[in-house]
Amino acid sequence: MEFRRIDRLPPYVFNVVNDLKPSARRAGEDIIDLGMGNPDLATPTHIVDKLTEAAENPRNHRYSTSRGIPKLRKAIVDWYDRRYNVRLDAETEAMSTMGAKEAISHMAWTLVAPGDTCLVPEPTYPIHTFSVALAGADVRSVPLGPDQDFFENMKDAYEGTWPRPRLIITSFPHNPTTTCVDLSFFEQLVAFAKEHEMLVIHDFAYADLTFDEYQAPSLLQVPGAKDVGVEIFSMSKSFSMAGWRIHVSRAPRHPDRRPGARGMGRSLAEGDDVRLGGDPGGTPCRRLARVREVLVEGRQGRGVTGGRLRPSR
Ligand SMILES: Cc1ncc(COP(=O)(O)O)c(C=O)c1O
């Protein structure tokens with residue numbers, strides 16, 4: 001049988017690594033798995049307790065409201081206000097879905113169609129290209145790396161593609177290179193998108209996993225970013241909730257509809273106060289800081305990628 005959309009996908013790197021592992025183990029090799037990253041800390045107790053309590057309430061066994069319960073959406077906009085001084089409307093600009101991956105895939109379905117092209121940094125987290133391919137559109141890779149001028153590459157990709165690309169998918173702090181950006185980078189990205197009438201999806205999964213006083217900026221801090229961009233924040237990393245399948249996003253508003261997507265919104269009871277906060281990322285960060293030290297020591301002198309990406313001059 002032909003699976004038309006799946007046949008367009010490149011091999012899924014995590015499956016490739018998973019297939020290699022057992023045979024290497026059987027051959028007696030001592031392997032370190034650098035495949036799919038998974039938080040190895042437990043979800044904070046107060047979150048697990050809340051889920052346990054909510055699971056016992058039959059009201060929560062019904063279908064959820066599609067955009068997420070109002071208090072959760074309010075918590076999302078409060079979080080943006082507190083953290084980034086960005087004001088959003090809880091009714092029309094915030095929603096919850098079943099993870100960043102699902103959000104990106106569904107968003108690609110709504111934004112691009114066969115014949116469209118999307119610019120995606122290379123290398124990239126697989127879903128940033130898979131979501132586009134699954135939606136039937138084409139990917140144009142934009143080289144990203146310490147010796148690259150990302151915006152020059154993006155301009156070349158834009159000018160070398162016809163019909164012109166419609167969407168850019170970015171994610172900083174970046175997986176897999178660890179590249180970080182400053183707000184000026186996003187300013188240039190928003191200006192680029194506006195000038196070329198493109199849309200931006202910014203995957204902010206690693207918002208909290210930063211080190212050495214560096215704070216990752218939000219795309220939405222750029223004035224006017226809301227006109228062209230959507231930002232997606234994942235609970236998976238900041239709160240060690242990868243298996244829970246929750247994320248939040250600043251949702252795009254269709255001209256004559258409210259943001260719509262299937263959402264997971266009922267795991268928290270309506271009447272509860274909901275706050276995205278505590279020490280987001282703090283504990284995972286401390287744990288990862290040590291892992292990072294070991295990796296950096298190990299990679300010294302072997303061409304460390306990552307670093308800070310600057311806007312073009
Ligand atoms: C860049 C990036 N985005 C999204 C995700 C997954 O997020 P979620 O668990 O919310 O689907 C990951 C997981 O590794 C990731 O690296």
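Q: Where is L72 found, and in which helix?
A: L72 sits in helix α3, residues 70-84. A helix here is a DSSP run of H or I with at least four residues, a strand is a DSSP run of E with at least two, and both are numbered from the N terminus. Residue numbers start from 1 along each chain as its sequence is written. The model is a predicted one: local features need pLDDT of at least 70, side-chain atom pairs count only at pLDDT 80 or more, and totals for chains, interfaces and linings use all residues.

Q: What makes L72 count as buried?
A: The count of neighbours does. A residue is buried if 20 or more other C-beta atoms lie within 10 Å of its own, exposed if 12 or fewer, and partly exposed in between, with C-beta atoms placed from the backbone. L72 has 27 C-beta neighbours inside 10 Å, so it counts as buried. The C-alpha atoms of L72 and L276 are separated by 8.5 Å, although these residues are 204 apart along the chain.

Q: How do you know whether T178 is buried, exposed or partly exposed?
A: Count again: T178 has 18 other C-beta atoms within 10 Å, so it is partly exposed. T178 lies in the loop between β4 and β5, and has a positive phi of about 70° without being a glycine. Why mention that? Most residues other than glycine have a negative phi, and most peptide bonds are trans.

Q: Why is D212 called exposed?
A: D212 has just 6 other C-beta atoms within 10 Å, so it is exposed. D212 also has a positive phi, near 55°, and isn't a glycine either. You'll find D212 in the loop between β6 (199-203) and α8 (225-228).

Q: Which peptide bonds leading into P123 and P176 are cis, and with what omega?
A: The bond from E122 to P123 is cis, with omega near 5°. The bond from N175 to P176 is cis too, with omega near 20°. P123 is in the loop between β2 and α5, while P176 is in the loop between β4 (167-170) and β5 (180-181).

Q: What makes β2 and β3 a pair?
A: Two strands pair if DSSP finds at least two bridges between them. Strand β2 (residues 117-122) and strand β3 (residues 138-143) have six bridges and run in the parallel sense. T117 of the first stands opposite D138 in β3.

Q: What kind of unit do β2, helix α5 and β3 make, and of which hand?
A: Together they make a right-handed β-α-β unit. A crossover gets that label if, with the strands pointing away from the viewer, the path from the first strand over the helix to the second runs clockwise. Helix α5 covers residues 126-134, and just after it G136 takes a positive phi of about 85°.

Q: Which residues of α5 are buried, and what covers them?
A: The buried ones are I127, H128, T129, F130, S131 and V132. Their cover includes α4 (100-111), β2, β3, β4 and β6. F130, for one, has 22 C-beta neighbours inside 10 Å, so it counts as buried.

Q: How do you know that strand β7 is largely enclosed by the rest of the structure?
A: Six of the six residues of β7 (residues 229-234) are buried, so the strand is largely enclosed. G229, E231 and F233 point one way, V230, I232 and S234 the other way, and all are buried. β7 runs parallel to β6, with four bridges joining them, and V200 stands opposite G229.

Q: What makes a residue part of the shell around the ligand, and which are the closest?
A: A residue is near a molecule if its C-beta atom, placed from the backbone, lies within 6 Å of it. That gives 13 residues around the ligand, the closest being G99, A100, A205, S234 and S236.

Q: Which elements of the protein have the lowest and the highest mean pLDDT?
A: pLDDT is the predictor's confidence in each residue, from 0 to 100. Strand β8 (residues 247-250) has the lowest mean, 64, and β4 the highest, 98. Over residues 258-271 the pLDDT is below 50, yet this stretch has 50 contacts in the model beyond near neighbours in sequence. A contact means that two residues have C-beta atoms, placed from the backbone, within 7 Å. The protein as a whole averages 85, and 84% of its residues score at least 70.
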